[in-house]
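Reader: Can you walk me through this model? Keep it quick.

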Amino acid sequence: MKTAQQFFHQLIMLYRPFENGLNKELKKHQLHRAEWTILFYLYNYGPSTSVNISQYLSVEKPTVTRTLNSLEKLNYVQRTVGKDRREKYMQLTETGIKAYEAARVSIDRFEEAILKGFSEEEQKQMIQMMQHIRNNIVQ
């Protein structure tokens with residue numbers, strides 16, 4: 001088997017167990033992965049349009065809209081109007097910030113356990129490699 005084949009096979013083998021473990025942690029906070037990724041984005045990057053969120057996450061806008069609607073029902077996000085009245089921004093509410101920060105504690109423990117045995121430098125190298133691969137994919 002070629003190295004590239006092994007690499008992508010291992011990536012596929014890694015993805016599902018990671019997502020299952022992540023969802024298990026998120027369930028403790030009544031969240032699922034799609035909601036988490038949007039909370040993460042808004043918490044770290046600030047108010048944004050659904051178009052920008054969908055581009056960042058590489059998912060279709062209707063998928064983001066459905067997830068934002070469910071987060072809005074939970075009072076985790078709210079809509080605000082931009083400079084142009086047609087432009088709607090989504091931002092975290094205080095409740096959303098608290099929900100993110102509470103879930104973040106569980107997720108941090110989960111992620112730290114997964115990366116046990118890897119130095120910070122090794123983790124940074126993996127991040128750079130993953131960013132490089134993603135850039136190659138989305139070109």
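Author: Here come the overall layout, one helix and some backbone angles. The model is predicted: local features need pLDDT of at least 70, side-chain atom pairs count only at pLDDT 80 or more, and totals for chains, interfaces and linings use all residues. Residues are numbered from 1 along each chain as its sequence is written, and side-chain values use heavy atoms, with hydrogens and water left out.

Reader: Which elements does the chain have, and in what order?

Author: Six helices and two strands. The order from the N terminus is α-α-α-α-β-β-α-α. These are DSSP runs numbered from the N terminus: helices are H or I with at least four residues, strands are E with at least two.

Reader: What does the C-alpha trace span?

Author: About 55 × 35 × 25 Å along the principal axes.

Reader: And how many residues count as buried?

Author: 27% of the 139 residues. Buried means under 20% relative accessible area, exposed over 50%, and partly exposed in between, with a 1.4 Å probe and protein chains only.

Reader: Switching to α4. What is its length from first C-alpha to last?

Author: Helix α4 covers residues 61-73, so 13 residues, and reaches 18 Å, close to the 18 Å expected at 1.5 Å a residue. The expected span is 1.5 Å times one less than the number of residues.

Reader: Which residues of α4 are buried?

Author: V64, T67, L68 and L71. They sit on the same side of α4, because they cover an arc of only 100° around the axis. That arc is taken from the directions from the helix axis to the C-beta atoms. On the other side of α4, R66 and K73 are exposed.

Reader: What do the buried ones pack against?

Author: Two helices, α2 (33-45) and α3 (50-57), plus the strands β1 (77-81) and β2 (88-92). Contact here means heavy atoms within 4.5 Å.

Reader: Now backbone angles. Where does a positive phi turn up just after α4?

Author: At N75, with about 65°.

Reader: Why flag that?

Author: Because most residues other than glycine have a negative phi.

Reader: What is phi of Q30?

Author: Near 55°, so positive in a residue other than glycine. Q30 is in the loop between α1 (3-27) and α2. Its relative accessibility is 61%, so Q30 counts as exposed.

Reader: And S58, where does it lie?

Author: In the loop between α3 and α4. Phi of S58 is near 60°, again a positive value. S58 is partly exposed, at 47% relative accessible area.
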